[in-house]
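Hi,

Here is the structure I said I'd pass on. Have a look at it first, and then read my notes underneath.

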Amino acid sequence: MLMEEFKDALCFACTPDFWRMAVLWTLSLLLSYFQLLTKTLFSCKPISYPHCSPLLLPSTTKPRLPVCIITGVILQLTFAMLFLSDATSGLGAAAAYSLSLEGYFVRSITIRFLPAVGRSSNLLSKVMTDIKRRNDNAHLKSFQVDLSSFASILKFKSSLELWLLDSDLHSSVQLLINNAGILATSLRFTAEGFDQMMGTNYLGAFSLTKVLLPLLENSPVPSRIVNVTSFTHRTVFGIQVDKETVSGKTFSKFKRYPCARIYEYSKLFLLLFSYELHRQFGVLGRSCPVSVVAVDPGVVKTNIMRDVPTCLRFVAFLVLNLLGLLKSPESGVRSIVDAALAPPEVSGVYFFGGNGRTVSSSARSYETKLAKDLWATSCDLFRELQLGFKDSSF
């Protein structure tokens, strides 16, 4: 067994993806910290945004708690076991706990990549119990959703609307945090035939946001979308936006699965989507706007690298820890909380480094034409998924 693991690690270490992760990803992370340092030393403008308490929803009886939805509280693997030694160790669970302290009614979502495993509900229950143990006043509700499945996303929306109605809560959502993400090292497909990493990291977040937009726009107080992206988007130097790329299908034609590149693309797409949605809401100029922000938590010790051979993962975490770049979930979640609790007028910015600080993302992420092309392509795919779902329901 050890010899087999060593061979797998050696094979992966000889791939371009490994060196892309080891060199380019590290350099892009250091670039973000360098920006943070120079901004701190030389900027005359305020370098951080303060936290604002969430606004209670008006009611004829008593004020209602704002509703927060967080994806990726638990990540379940495609195997019949879970590599989650501590159910509260992920960013999603840390965010759920932190925002419950701030007064949000938190809806937590667990991802199931295969419905046959069947243990995610138990682990999610454990997360909820742990949060309640640490915060007696926490208001929590959990759902099981597969973000790589469009049918599962639509089912979640129906369940959420029904739950809001049955709970006598306002039919709206005040905060959506698209936190879920995976780093797969082998080719896997969604039910719709998309690449699973692209389907989960980008298309899942895009589709969930699209179906929940009416609830976000219906909020009587300002609402917000927080998209959790990554410094790895900086390593994308050239990209083509078409259905084959956005769905990830084009990568199935490669001799070796380009896992690092697909992950980078998915995070850049999430950024382009964030900025384009921000621009659209800015043009509309609504009285109760939906703000959109992106956030990069840095390198956090979670299970996202579970597909990487164990010994390489151990070495990577060891080196990053020695360099002072590795964060615990409790530390990494601070940027997400900063983004969630920033003043309502804050939109279209890129949070990084904690303490309410922001930096600039890559120059490519601000390309308006690229963002518009991505938006149009993603909307086309979304409509195709809608038509396919309607046809299959008869």
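How many cavities of 30 Å³ or more are there? The count comes to two. Keep in mind that this is a predicted model.

The largest cavity has a volume of about 70 Å³. Its lining is made up of 13 residues, and Leu147, Ser148, Phe150, Leu203 and Leu385 are the ones that lie nearest its centre. Two elements give two or more residues to that lining: helix H5 (150-166) and helix H6 (196-217). H6 gives the most, with four residues. As for chemistry, the lining has six nonpolar residues, six polar ones and one charged.

Since H5 and H6 both turn up there, I also checked how they pack. Their axes come within 10 Å and cross at roughly 25°. With angles under 35 degrees counting as roughly parallel, that makes H5 roughly parallel to H6. The crossing of the two helices is right-handed.

The other thing to look at is helix H3, residues 91-101. Of its 11 residues, 10 are buried, so H3 is largely enclosed by the rest of the structure. The buried ones start with Leu91, Gly92 and a run of alanines, Ala93, Ala94, Ala95 and Ala96. Tyr97, Ser98, Leu99 and Ser100 complete the buried set. Just after H3 comes Gly103, which takes a positive phi of about 105°.

That's what I have so far. Shout if anything looks odd.

Cheers

How values were computed: Residues numbered from 1 in each chain as written. Predicted model: local features only at pLDDT ≥ 70, side-chain atom pairs only at ≥ 80, totals over all residues. Heavy atoms only, no water. 1 Å grid on protein atoms, 1.4 Å probe; cavity = no way out; pocket = protein on both sides within 12 Å on 5 of 7 lines; lining within 4 Å. Points joined across faces, edges and corners; volume = space filled by probe spheres on them. Nonpolar A, V, L, I, M, F, W, Y, C, P; charged D, E, K, R; others polar. Buried < 20%, exposed > 50% of the residue type's maximum accessible area, 1.4 Å probe, protein only. Axes fitted to C-alpha atoms, helices over the stretch in contact; angles between N-to-C directions. Parallel < 35°, antiparallel > 145°, perpendicular 65-115°, else oblique. Left-handed = near helix turned anticlockwise from the far one by under 90°.
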